Amino acid sequence: MPPSTADFDGRVALVTGASRGLGYAVARALALAGAHVLLVGRTQGALEALYDDIRAEGGDATGVPMDVTDGDALDRLGAAIADRWGRLDLLVGNAGDLGPITPVSHIAPDAFEKTMAVNVTANARLIRAMEPLLLQAEHPRAVFVTSGAASKARPFWGTYATSKAALDAMVRTWAHEHENNKLRVNLLSPGPVRTAMRAQAMPGEDPDTLPAPADVAPLFLELLSPAQTRTGEIIAFER
Ligand SMILES: NC(=O)c1ccc[n+]([C@@H]2O[C@H](COP(=O)([O-])OP(=O)(O)OC[C@H]3O[C@@H](n4cnc5c(N)ncnc54)[C@H](OP(=O)(O)O)[C@@H]3O)[C@@H](O)[C@H]2O)c1
């Protein structure tokens, strides 16, 4: 049964990478379903535009302009959530960096570090900062966004693939650590979606052949709903 708005009414949700693409669509869908959504991203103007859209549609949100690689800022965000709500119901680790598409031997060290910082280390810091708050929620749910690239070993995608493989290992491990309590944690693999990142990776592709972020949002809500029992899985979006 698809989740209903009653499942999200009054929940506190945090979505990283909410300024555009998949994160924007998921944050908006959660807010329209009644959650108060914390919108994390670096582009303040885009977060404000999303906030305005959400308010115009009767939802509620708070913009949190920040770089997810600032681990201390994530700790401060955790403290602020604890002060205001005392819990976090829903966590979506979506912010991502494509990194260079290039042979492994050509990967510039700083570009590799940056992709690992956004796709892996930031999510480790997010888990560290948010776990105590999630454990205060009635039906805590977390979803992280991975990619089929993690297991394909496709030439030139080494930086991104390595980062998503590391994310998969970390998130599945975290899920297993909580198998015996109420926290449910999964990875969502969206497949190709019509976003800025996909256009950067595949500039020659016709974006109109791809699903829109809003098409994938319902699967996020399904994985975030109180009825969700799966945990430690990689769940692929199918068109
Ligand atoms: N699109 C696809 O085909 C596809 C396929 C498989 C997996 N994915 C995954 O889906 C997720 C979302 O990607 P997308 O396609 O929606 O890409 P996108 O449109 O480029 O959006 C990426 C988001 O991540 C945020 N972000 C990046 N670096 C950040 C940082 N250092 N601090 C805070 N926020 C940061 C960006 O916000 P700011 O720039 O405002 O900070 C933006 O909101 C990623 O994890 C990606 O790997 C996408």
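The sheet, the helices packed on it, the nonpolar cores, the ligand shell and some individual residues are described below for a predicted model.

The central element is an open sheet of 7 strands. Its order is β3-β2-β1-β4-β5-β6-β7, and the pairing is parallel. The edge strands are β3 (60-65) and β7 (234-236), each of which pairs on one side only. From one strand to the next, the twist averages 20 degrees.

Individual pairings can be traced across the sheet. Strands β1 (residues 12-16) and β4 (residues 90-93) pair in the parallel sense over 3 bridges. Here Ala13 stands opposite Leu90 in β4. Further along, β5 and β6 pair over 5 bridges, again in the parallel sense. In this pair, Ala142 stands opposite Val185 in β6. The parallel pairing of β6 and β7 involves 3 bridges, with Leu188 opposite Ile235 in β7. Strand β6 (residues 184-189) is mostly covered, as 5 of its 6 residues are buried.

Two helices are described in relation to the sheet. Helix α1 lies across β1, β2 (36-41), β3, β4 and β5 (141-145). It runs at about 170 degrees to β1. Helix α4 (residues 109-134) also packs on the sheet and touches β1, β4 and β5. The direction of α4 makes about 175 degrees with that of β4.

Nonpolar side chains tend to be buried together in soluble globular proteins. In this model, the largest nonpolar core holds 61 residues. Ala27, Leu30 and Leu39 touch the most other members. The largest share of this core, 8 residues, comes from α1. Beyond its neighbours within four places in sequence, Ala27 is in contact with Val15, Ala18, Val37, Leu39, Leu50 and Ala61. Another core, of 6 residues, lies apart from it. Its members include Ala149, Ala150, Tyr160 and Ala161.

The ligand is surrounded by 28 residues. Gly17, Gly21, Arg42, Gly96 and Thr195 come nearest. By residue class, the shell divides into 11 nonpolar, 12 polar and 5 charged residues. Helices α1 (21-32) and α7 (196-201) each supply at least two residues of this shell. Helix α1 thus appears in both settings: it contributes to the ligand shell and to the largest nonpolar core.

Backbone geometry was examined next. Most residues other than glycine have a negative phi. Ala153 has a positive value, near 50 degrees. Phe156 likewise has a positive phi, of about 80 degrees, although it is not a glycine. Ala153 is found in the loop between α5 (149-152) and α6 (158-177). Phe156 lies in the loop between α5 and α6. Their surroundings were assigned from neighbour counts. Ala153 is exposed, because its 11 other C-beta atoms within 10 Å satisfy the limit of 12 or fewer. Phe156 has 15 such atoms within 10 Å and is partly exposed.

A further exposed residue is Gly45, which lies in helix α2 (residues 44-56). Gly45 counts as exposed because it has 9 C-beta neighbours inside 10 Å. Its C-alpha atom is separated by 28 Å from that of Ile101. Gly45 and Ile101 are 56 residues apart along the chain.

How values were computed:
Residues are numbered from 1 along each chain as its sequence is written. This is a predicted model: local features need pLDDT of at least 70, side-chain atom pairs count only at pLDDT 80 or more; totals for chains, interfaces and linings use all residues. A residue is near a molecule or strand if its C-beta atom, placed from the backbone, lies within 6 Å of it. Helices (H or I, at least four residues) and strands (E, at least two) are DSSP runs, numbered from the N terminus. Ala, Val, Leu, Ile, Met, Phe, Trp, Tyr, Cys and Pro count as nonpolar, Asp, Glu, Lys and Arg as charged, and the others, Gly among them, as polar. A nonpolar core is a set of buried Ala, Val, Leu, Ile, Met, Phe, Trp, Tyr and Cys residues joined through C-beta atoms within 7 Å. A residue is buried if 20 or more other C-beta atoms lie within 10 Å of its own, exposed if 12 or fewer, and partly exposed in between; C-beta atoms are placed from the backbone. Two residues are in contact if their C-beta atoms, placed from the backbone, lie within 7 Å. Two strands pair if DSSP finds at least two bridges between them. Axes are lines fitted to C-alpha atoms, for helices over the stretch in contact, and angles run from 0 to 180 degrees between N-to-C directions.
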